[in-house]
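Student: I have a model open and want to read its fold. Can we go through it piece by piece?

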Amino acid sequence: MPVHYRFEGRLLKFEAVGKTDNDDLLATIAEATSASEYHDDTIVLWDLRQSETLSDMSATQIRIVGEDIARMVQNYPNHAAAIVPNDLYFGLMRMLASYSEKDKEVAQFFRSEEEAMAWVASLLEQQ
């Protein structure tokens, strides 16, 4: 499966490598969010630097994925972020987030792991 995850305390890290099938993506999210380590205060970080999926998707496909994720993760944590490899992915992730966000904006996007981990650390300090 090209999407993997692991828990590091309150942090749930997903990593997507290569092409990712929508069914694989949703199955991995379902597995992670039903794990005993997953809680309401979990912080989610997606590492998409090795992903090759979004650049091949149409706007309609991105909308469908965003809507699928929104339905699936009704209790998704308040904080989620992605590390993206380039401007194209940055824009596409903003598009996907617009279809899956709740009442308030919770998604953050970063160009480097260092920036993303600084954001995670700031959230951990708030608790």
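**Reading the fold**

Tutor: Start with helix α4, residues 113–126, which lies across β2, β3, β4 and β5. Its direction makes about 175 degrees with that of β3. Keep in mind that this is a predicted model.

Student: How confident is the predictor, and which element has the lowest mean pLDDT?

Tutor: The mean pLDDT of the protein is 81. Of its residues, 85% reach 70 or more. Among the elements, β1 has the highest mean, 94. The lowest mean, 73, belongs to α2.

Student: In what order do the strands of the sheet lie?

Tutor: The sheet is open, with five strands and mixed pairing. β1 and β5 (107–110) are the edge strands, each pairing on one side only. From one strand to the next, the twist averages 20 degrees. The order is β1-β2-β3-β4-β5.

Student: Which residue in the hairpin of β1 and β2 takes a positive phi?

Tutor: Strands β1 (residues 3–8) and β2 (residues 11–18) pair antiparallel over six bridges. Within β2, A16 is the bridge partner of V3. Two residues sit between the strands of this hairpin. The positive phi, near 65 degrees, is at G9.

Student: What is the bridge partner of I83 in β5?

Tutor: Look at strand β4, residues 79–83, which runs parallel to β5. Four bridges join the two. In β5, the partner of I83 is F110.

Student: Which strands does helix α1 touch?

Tutor: Helix α1 covers residues 22–33 and packs on the sheet. Its direction makes about 20 degrees with that of β1. The strands touched by α1 are β1, β2 and β3 (43–51).

Student: Which element gives the most to the largest nonpolar core?

Tutor: In soluble globular proteins, nonpolar side chains tend to be buried together. Here the largest nonpolar core has 28 residues, and F14, W46 and L48 touch the most other members. Several elements each supply at least two residues, among them β1, α2 (59–72) and α3 (87–100). The top contributor, with five residues, is α3.

Student: Which residues does L48 touch, leaving out those up to four places away in sequence?

Tutor: L48 is one of the residues that touch the most other members of the largest core. Contact here means heavy atoms within 4.5 Å. By that cut-off, L48 touches A16, A82, I83, V84, P85, Y89 and M93.

Student: How many residues are in the second core?

Tutor: The second core is separate. Its members include L11, I43, W119 and V120. The count is 10 residues.

Definitions and conventions:
Residues are numbered from 1 along each chain as its sequence is written. This is a predicted model: local features need pLDDT of at least 70, side-chain atom pairs count only at pLDDT 80 or more; totals for chains, interfaces and linings use all residues. Side-chain values use heavy atoms; hydrogens and water are left out. Two strands pair if DSSP finds at least two bridges between them. Axes are lines fitted to C-alpha atoms, for helices over the stretch in contact, and angles run from 0 to 180 degrees between N-to-C directions. A nonpolar core is a set of buried Ala, Val, Leu, Ile, Met, Phe, Trp, Tyr and Cys residues joined through side-chain atoms within 4.5 Å. Buried means under 20% relative accessible area, exposed over 50%, partly exposed in between (1.4 Å probe, protein chains only). pLDDT is the predictor's confidence in each residue, from 0 to 100.
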